[in-house]
Amino acid sequence: MSVAVITEQVLPIDAVNDETYARVYGEILTKIPEDLYIPPDALAVFLEAFEGPLDLLLYLIRKQNLDILDIPVAEITRQYIAYIELMQVLNIDLAAEYLLMAALLAEIKSRLLLPKPVAANDEEEDPRAELIRRLQEYERFKKAADDIAELPQEGRDVFEAHAEAPVRDLLPTQPFTGDVALLLDAMRDVMKRTVLQQSHVVGHEGLSLQQRFQEIIERLSFGETVVFYELFPAHEGRLGVVVTFIAILELLKQKLIELVQNGFLEPIYVRQYDEAAA
Amino acid sequence: MKLSRQLVKNVIEGAIFASPMPLSVDDIAVLFADDEKLSRKELQILIKELQTEYALRALELVEVASGFRFQVRAQFSPWISKMWPDKPARLSRALLETVAIIAYRQPVTRAEIEAIRGVVVSTQIIKALFDRDWIVVVGHREVPGRPALLATTRLFLDAFSLSSLSELPPLAAVRDLETISREIENIAVEQQKT
């Protein structure tokens with residue numbers, strides 16, 4: 001077997017012509033450099049590239065431009081065994097299948113050497129037939145694997161394109177249509193709730209209407225929609241409810257916020273006043 | 001209410017873009033109300049129109065096994081792929097051969113794959129194929145040991161922009177044993193002559 005053939009495939013050397021031996025990284029060489037370093041792993045990498053005994057056999061057959069149908073069994077067997085001996089020398093883990101194939105090749109050769117019974121049964125197959133069938137079958141799928149590798153691959157050749165889905169507007173969009181009385185009812189509800197959540201905090205905290213404006217505006221500033229009741233901090237008691245309610249009324253008047261509702265008796269939502277929608 | 005062609009096309013386009021997964025015609029059909037009456041046939045025609053409208057764009061509307069999806073055309077991958085510093089893991093030959101056998105011969109057992117490849121199929125490869133959701137167990141062969149029968153999935157076809165198994169590159173023709181034996185004999189006869 002020819003080591004030269006193998007190393008050429010591994011090293012970055014392009015054969016140029018007779019006078020220049022090769023061009024290595026753009027530099028023209030006229031003879032093989034004496035200190036040329038062939039990485040000891042190069043051969044190992046090459047030999048490990050075989051996908052199994054059938055692959056190695058196919059390589060040996062193709063390398064000599066032979067047809068699968070016309071394998072010179074003795075010659076191929078000799079080469080095959082040379083390769084697996086090399087693999088053993090290089091300590092490549094040799095799958096048992098490689099040895100099995102060597103035995104099979106030897107068996108085929110010996111059967112070919114046996115004289116054929118003269119008038120004997122036509123039934124007896126050429127001892128090579130089974131191997132040829134397997135080689136052919138393997139070659140088909142080897143080719144199919146190459147074909148599949150050539151197909152446009154998602155993430156390598158083509159890239160799925162997506163766009164953001166429109167923001168799902170699940171919240172009601174109709175303006176609040178009830179009159180002040182309904183709003184007062186809502187406030188009364190909040191009041192009732194404050195009774196249930198009596199605070200035990202003693203002491204007096206001044207609540208600034210101005211500050212409440214700010215707080216409400218800030219809460220809604222990023223287009224958030226808040227349920228009406230949630231604007232009332234439970235711990236502030238009646239005073240807090242009153243201040244918050246006044247703040248809401250004032251902001252409504254100034255058209256800084258708006259109230260929306262899906263339908264009668266549905267929750268009331270508070271959000272920033274949307275000029276475009278109005 | 002009959003929707004205008006353009007509106008329907010825009011909805012289809014938007015839906016395919018917004019969906020994280022390819023959309024089938026049925027997936028698209030349910031987006032329209034009953035009174036907007038759109039037959040599968042009409043939808044298919046409009047999808048065709050959309051496909052031609054994209055002819056000059058970097059995107060193409062393709063049909064893969066799971067449905068329709070937009071993708072950046074392969075010709076732009078030299079540029080687009082630079083957005084990801086890590087190249088996608090190259091598929092090993094062992095993996096490709098294994099999935100090829102499963103794709104063309106499904107359903108198939110591991111032993112049958114091994115018989116064709118002539119080597120043991122490593123557990124790693126099978127696991128890698130399962131991890132990618134490219135293969136599934138579709139049953140068990142009723143022989144001792146009840147080996148699992150493997151088949152490829154729609155995601156496998158999607159990954160290679162195929163819409164069905166019939167779009168796989170054709171498998172090389174096999175010369176049957178009869179022909180092979182005859183050819184061998186002929187060769188032998190010729191050799192004897194020379």
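How many residue pairs are in polar contact across the interface of chain B and chain A? The rule finds 12 of them, with both residues at pLDDT 80 or more. Keep in mind as you look around that this is a predicted model.

**Where the chains meet**

Let's stay at that interface for a moment. On the chain B side, the elements that give two or more residues are α1 (5-18), β1 (59-64), β2 (67-72), α4 (77-80), α5 (93-105), α6 (110-117), α8 (154-159) and α9 (177-193). The largest share comes from α5(B), with 8 residues. Sort the residues on this side of chain B by character and you get 36 nonpolar, 7 polar and 9 charged.

Counting both partners, 52 residues of chain B are in contact with 42 residues of chain A. Together the two chains bury about 4,200 Å² between them, and 64% of that lies on carbon and sulfur atoms.

There is some charge pairing here too: the rule finds 3 salt bridges across the interface of chain B and chain A. If you want one to look up, try Glu51(A) and Arg117(B), which form a salt bridge with their closest N and O atoms 2.6 Å apart.

**A strand pairing between chains**

Now find β2(B), one of the elements on the side of chain B that touches chain A. Strand β4(A), residues 159-161, pairs with β2(B) in the antiparallel sense over 3 bridges. Two places to check are Ala161(A), which stands opposite Phe70(B), and Glu160(A), which stands opposite Gln71(B).

Within its own chain, β2(B) also has a partner: 6 bridges join β1(B) to β2(B), and the two run antiparallel. Here Val62(B) stands opposite Arg69(B). β1(B) and β2(B) form a hairpin with 2 residues between them. Is β2(B) mostly covered or mostly open? Mostly covered, since 6 of its 6 residues are buried.

**Inside chain A**

Over in chain A, a good strand to start from is β7(A), residues 268-272. Because 4 of its 5 residues are buried, β7(A) is largely enclosed by the rest of the structure.

Which strands pair with β7(A)? One of them is β5(A), residues 225-227, which pairs with β7(A) in the antiparallel sense over 3 bridges. In that pairing, Val227(A) stands opposite Tyr269(A). Another is β6(A), residues 257-261, joined to β7(A) by 5 bridges and again antiparallel. There, Leu259(A) stands opposite Val270(A). β6(A) and β7(A) form a hairpin with 6 residues between them, and in the turn Leu265(A) has a positive phi of about 70 degrees.

Here are the strand pairings we've just visited, side by side.

| Strand pair | Sense | Bridges |
|---|---|---|
| β4(A) and β2(B) | antiparallel | 3 bridges |
| β1(B) and β2(B) | antiparallel | 6 bridges |
| β5(A) and β7(A) | antiparallel | 3 bridges |
| β6(A) and β7(A) | antiparallel | 5 bridges |

**Stepping back to whole chains**

Chain B has 9 helices and 4 strands. Follow the elements of chain B from the N terminus and they run α-α-α-β-β-α-α-α-α-β-β-α-α. Of its 194 residues, 39% count as buried. Among the contacts in chain B with a separation of 6 or more, 50% come from residues 24 or more positions apart.

For chain A, the secondary structure comes to 9 helices and 7 strands. Buried residues make up 35% of the 278 residues in chain A. Residues 24 or more positions apart account for 59% of the contacts in chain A with a separation of 6 or more.

Definitions and conventions
Residues are numbered from 1 along each chain as its sequence is written. Chains are lettered from A and ligands numbered from 1 in the order in which they are written. This is a predicted model: local features need pLDDT of at least 70, side-chain atom pairs count only at pLDDT 80 or more; totals for chains, interfaces and linings use all residues. Side-chain values use heavy atoms; hydrogens and water are left out. Contact means heavy atoms within 4.5 Å. Buried area is the accessible area (1.4 Å probe) that two parts lose on being put together, summed over both. A salt bridge is a side-chain nitrogen of Lys or Arg within 4 Å of a carboxyl oxygen of Asp or Glu. A polar contact is a pair of N or O atoms within 3.5 Å; within protein, one must be able to donate a hydrogen and the other to accept it, and residues adjacent in sequence count only if both atoms are side-chain atoms. Ala, Val, Leu, Ile, Met, Phe, Trp, Tyr, Cys and Pro count as nonpolar, Asp, Glu, Lys and Arg as charged, and the others, Gly among them, as polar. Two strands pair if DSSP finds at least two bridges between them. Buried means under 20% relative accessible area, exposed over 50%, partly exposed in between (1.4 Å probe, protein chains only).
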